[in-house]
Amino acid sequence: MGLTTTRAVILHTYRYSETSKILRLMTYELGPCSALARGALRPKSRFGGLLEPFVEGQATLYTKRGRGLHTLSSFEPIGEYRQLGVSLDSFTIASVLCEMVMRLAPEHRDDDLYATLIDGLEGLHNSEGSDSNADLKYVWALVDTLGFRPELDECVVCGRSIGFEGARFDFSAGGLQCMDCAPHGPGMNSAEIRDLRALVGGGSVETHGGQQARWLADFIRYHLTEGANLKSLPFLRALG
Ligand SMILES: [Zn+2]
């Protein structure tokens, strides 16, 4: 058994016995892992009620070889993300980020993935749920880091360059179709096309509400989770 100290984000927790918790963590040094926090549910736990999703801390772990259950020795918070609970939209988007990392992160250290997750949680904390459409960019950033990015400049069928008018988002084909290739179904207006490109590129949006959250949720379900619904995806889909 070894001892490792690493930055770590709590992705998910569940109760284990009367007094303990098991944490799903994304750690900087070890990648994703699980850890037992003994006594975390006792009133006078040394963890002090800090072991909640979205919190980043300096975690010290007694580590086992392989991917077994580690044991948490200490956890000192670095950032405080629990204000996310104030805004349901921020909470929903943070839940999607954490669930995607939990389900899809490679089983090893991944600096880009860790940084993208922290960027998203910090961004959500700072925006305080003021514009859920704008906050979708943090999820698109994670989608991109996981190796998926929609094609938004050329038609996915015929390859024609697409400007700002006349397109349809075909999530299963992985991007935009021109109106010749997709004459049926609701098209996107120029503001929607511009905003989708902005969100995927990490920029700011000019419209609020609409279909952006639905397009993102459909893209994730089809490409990243192979049809399986993350628990948080229906809530993401309902935003906007
Ligand atoms: Zn086309």
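This is a short tutorial dialogue on reading the fold and domain contact of a predicted model.

User: What should I know about the numbering and the model before I start?

Analyst: Residues are numbered from 1 along each chain as its sequence is written. The model is predicted: local features need pLDDT of at least 70, side-chain atom pairs count only at pLDDT 80 or more, and totals for chains, interfaces and linings use all residues.

User: Happy with that. How many helices and strands are in the chain?

Analyst: Helices (H or I, at least four residues) and strands (E, at least two) are DSSP runs, numbered from the N terminus. Here the chain has 6 helices and 7 strands. Starting at the N terminus, their order is β-β-β-β-β-α-α-α-β-β-α-α-α.

User: How do I read the radius of gyration of the chain?

Analyst: It is taken over C-alpha atoms and set against the globule rule, 2.2 Å times the number of residues to the power 0.38. For this chain the value is 20 Å, close to the 18 Å that the rule gives for 240 residues, so the chain is as compact as a globular protein of that length. Along the principal axes, the C-alpha atoms fill a box of roughly 65 × 35 × 25 Å.

User: And what share of the residues is buried?

Analyst: A residue is buried if 20 or more other C-beta atoms, placed from the backbone, lie within 10 Å of its own. By that rule, buried residues are 39% of the 240 in the chain.

User: Where do the domains lie in the chain?

Analyst: Domain bounds come from an automatic or database domain assignment. Domain 1 covers 2-77 and domain 2 covers 83-237. Their centres, taken over C-alpha atoms, are 30 Å apart. The contact between them takes 14 residues from domain 1 and 15 from domain 2, where contact means C-beta atoms, placed from the backbone, within 7 Å.

User: Which strands supply the side of domain 1 that touches domain 2?

Analyst: β1 (2-16), β2 (20-27) and β3 (31-37) each supply at least two residues, and β1 gives the most, with 3 residues. That side of domain 1 has 8 nonpolar, 2 polar and 4 charged residues. Ala, Val, Leu, Ile, Met, Phe, Trp, Tyr, Cys and Pro count as nonpolar, Asp, Glu, Lys and Arg as charged, and the others, Gly among them, as polar.

User: How do the axes of α1 and α2 cross?

Analyst: Axes are lines fitted to C-alpha atoms, for helices over the stretch in contact, with angles from 0 to 180 degrees between N-to-C directions. Helix α1 (residues 88-104) and helix α2 (residues 111-127) have axes that come within 10 Å and cross at roughly 170°. Angles over 145 degrees count as roughly antiparallel, and α1 and α2 are therefore roughly antiparallel to each other. Residues making the contact include Ile93 and Leu97 of α1 and Leu117 and Leu121 of α2.

Note on methods
Contact = placed C-beta atoms within 7 Å. Buried ≥ 20, exposed ≤ 12 C-beta atoms within 10 Å, placed from the backbone. Parallel < 35°, antiparallel > 145°, perpendicular 65-115°, else oblique.
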